[in-house]
Amino acid sequence: MPHARFITFEGIEGAGKTTLASHLAQWLQTQGIPVLLTREPGGSPMGESLRPLLLHQTIDPYTELFLFLADRREHTLRVIRPALHSGTWVLCDRYADSTLVYQGYGRGLDIALIRQLNAIATNGLTPDLTVLIDLPVEVALARANTPNRFEAEGLAFHQRIREGYLQEAARAPERFLILDGQAPIAHLLAPVQQALQRWLP
Ligand code: TYD
């Protein structure tokens with residue numbers, strides 16, 4: 001059985017990650033590949049309970065960091081790893097890069113510390129491919145309909161997030177595929193399909 005792949009989707013809110021991930025999951029299934037589409041926060045039973053806390057309560061930045069990491073560890077150990085082991089590809093809407101960028105670049109917590117904590121939370125699991133949908137903050141925020149407390153942050157916060165993603169992508173160009181979030185969804189699917197060709201049977 002060929003090695004199942006782990007693909008994550010990242011970007012600022014309103015970038016279109018969720019739509020792209022679900023289109024891609026459908027396409028992989030038509031190729032005969034078993035796929036699990038999941039997300040963070042959430043994705044594990046504990047994560048789904050944490051999700052409303054994380055999205056709607058005002059909490060201390062470190063508390064926020066620890067909750068995202070706790071969510072990730074449960075999700076990785078109980079859902080993502082077992083799926084990959086059984087040969088199922090995993091498509092995940094947000095993963096470790098979200099914490100680096102939102103809690104690190106966005107909230108100003110120590111980025112090197114977050115890298116270490118992410119390594120623990122993920123047991124060292126790194127995506128095979130991370131699709132970063134990049135677009136101007138103003139365009140993305142205009143698309144968001146029901147704001148959570150991250151969406152309610154100012155423009156400067158989201159600008160730091162966008163820049164943070166681009167910096168992280170520049171650190172690991174072999175893992176990241178950067179797409180133009182202003183292009184229609186139909187144009188975003190093809191480059192991802194192309195990037196996955198090397199792993200398809
Ligand atoms: P969600 O409603 O899933 O937003 P989106 O559709 O934009 O992904 O909310 C997830 C929010 O949580 C989003 O604003 C980013 C934030 N977040 C972090 O701050 N750190 C993290 O580690 C993760 C996974 C998400």
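A polar contact is a pair of N or O atoms within 3.5 Å. Keep that cut-off in mind for the first exercise. The model used here is predicted.

**Exercise 1. Polar contacts of the ligand**

Task: Find which side chains have an N or O atom in polar contact with a nitrogen or oxygen atom of the ligand.

Solution:
- Step 1. Start with the ligand's nitrogen. A nitrogen atom of the ligand lies 2.8 Å from an N or O atom in the side chain of Q103. This is within 3.5 Å, so the pair counts as a polar contact.
- Step 2. Turn to oxygen. The side chain of R51 has an N or O atom 3.1 Å from an oxygen atom of the ligand.
- Step 3. Now check R72. Its side chain places an N or O atom 3.2 Å from an oxygen atom of the ligand.
- Step 4. Look at the cover. On its own, the ligand has 540 Å² of accessible area, and the protein covers 90% of it.

**Exercise 2. The shell around the ligand**

Task: Describe the residues around the ligand by distance, by element and by class.

Solution:
- Step 1. Count the residues and pick out the nearest. There are 15 residues around the ligand, and E13, K17, R94, T99 and Q103 come nearest.
- Step 2. Assign elements. At least two residues of the shell come from each of α2 (45-56), α3 (61-85) and α4 (96-106).
- Step 3. Find the main contributor. α4 gives the most, with 4 residues.
- Step 4. Sort by class. The shell has 6 charged, 5 nonpolar and 4 polar residues.

**Exercise 3. The largest pocket**

Task: Locate the ligand among the pockets, then describe the pocket that holds it.

Solution:
- Step 1. Place the ligand. It sits in the largest pocket.
- Step 2. Give the volume. This largest pocket holds about 590 Å³ of space.
- Step 3. Look at the lining. It is made of 29 residues, and K17, E40, R51, D93 and R94 lie nearest the centre of the pocket.
- Step 4. Name the elements. α1 (17-30), β2 (35-39), α2, α3 and α4 each give at least two residues to the lining. α1 gives the most, with 5 residues.
- Step 5. Sort by class. The lining of the largest pocket divides into 10 nonpolar, 10 polar and 9 charged residues.

**Exercise 4. The second largest pocket**

Task: Describe the second largest pocket by volume and lining.

Solution:
- Step 1. Give the volume. The second largest pocket has about 280 Å³ of space.
- Step 2. Look at the lining. It has 15 residues, and A96, D97, N118, T126 and R175 are the closest to the centre of the pocket.
- Step 3. Name the elements. Those that give two or more residues are α4, α5 (111-122) and α7. α5 gives the most, with 4 residues.
- Step 4. Sort by class. The lining of the second largest pocket has 6 nonpolar, 5 charged and 4 polar residues.

**Exercise 5. The cavity**

Task: Count the cavities of 30 Å³ or more, then describe the largest cavity.

Solution:
- Step 1. Count. There is 1 cavity of 30 Å³ or more.
- Step 2. Give the volume. The largest cavity has about 40 Å³.
- Step 3. List the lining. The residues are G11, I12, L132, I133, D134, L135, R162 and Y165.
- Step 4. Name the elements. β4 (129-134) and α7 (155-171) give two or more residues to the lining of the largest cavity. β4 gives the most, with 3 residues.
- Step 5. Sort by class. The lining of this cavity has 5 nonpolar, 2 charged and 1 polar residue.

**Exercise 6. Two backbone exceptions**

Task: Explain why the peptide bond from E40 to P41 and the phi of R94 stand out.

Solution:
- Step 1. Recall the usual case. Most peptide bonds are trans, and most residues other than glycine have a negative phi.
- Step 2. Check the bond. From E40 to P41 the peptide bond is cis, with omega near -10°. P41 is in the loop between β2 and α2.
- Step 3. Check the phi. R94 is not a glycine, yet its phi is positive, about 75°. R94 is in the loop between β3 (89-93) and α4.
- Step 4. Link back to the pocket. E40 and R94 are among the residues nearest the centre of the largest pocket.

Technical notes. Residues numbered from 1 in each chain as written. Predicted model: local features only at pLDDT ≥ 70, side-chain atom pairs only at ≥ 80, totals over all residues. Heavy atoms only, no water. Near = heavy atom within 4 Å. Polar contact = N/O pair within 3.5 Å; in protein donor to acceptor, adjacent residues only side chain to side chain. Areas by Shrake-Rupley, 256 points an atom, 1.4 Å probe, with all protein chains shown as cover. 1 Å grid on protein atoms, 1.4 Å probe; cavity = no way out; pocket = protein on both sides within 12 Å on 5 of 7 lines; lining within 4 Å. Sits in = over half its atoms within 2 Å of the grid points. Nonpolar A, V, L, I, M, F, W, Y, C, P; charged D, E, K, R; others polar. Points joined across faces, edges and corners; volume = space filled by probe spheres on them.
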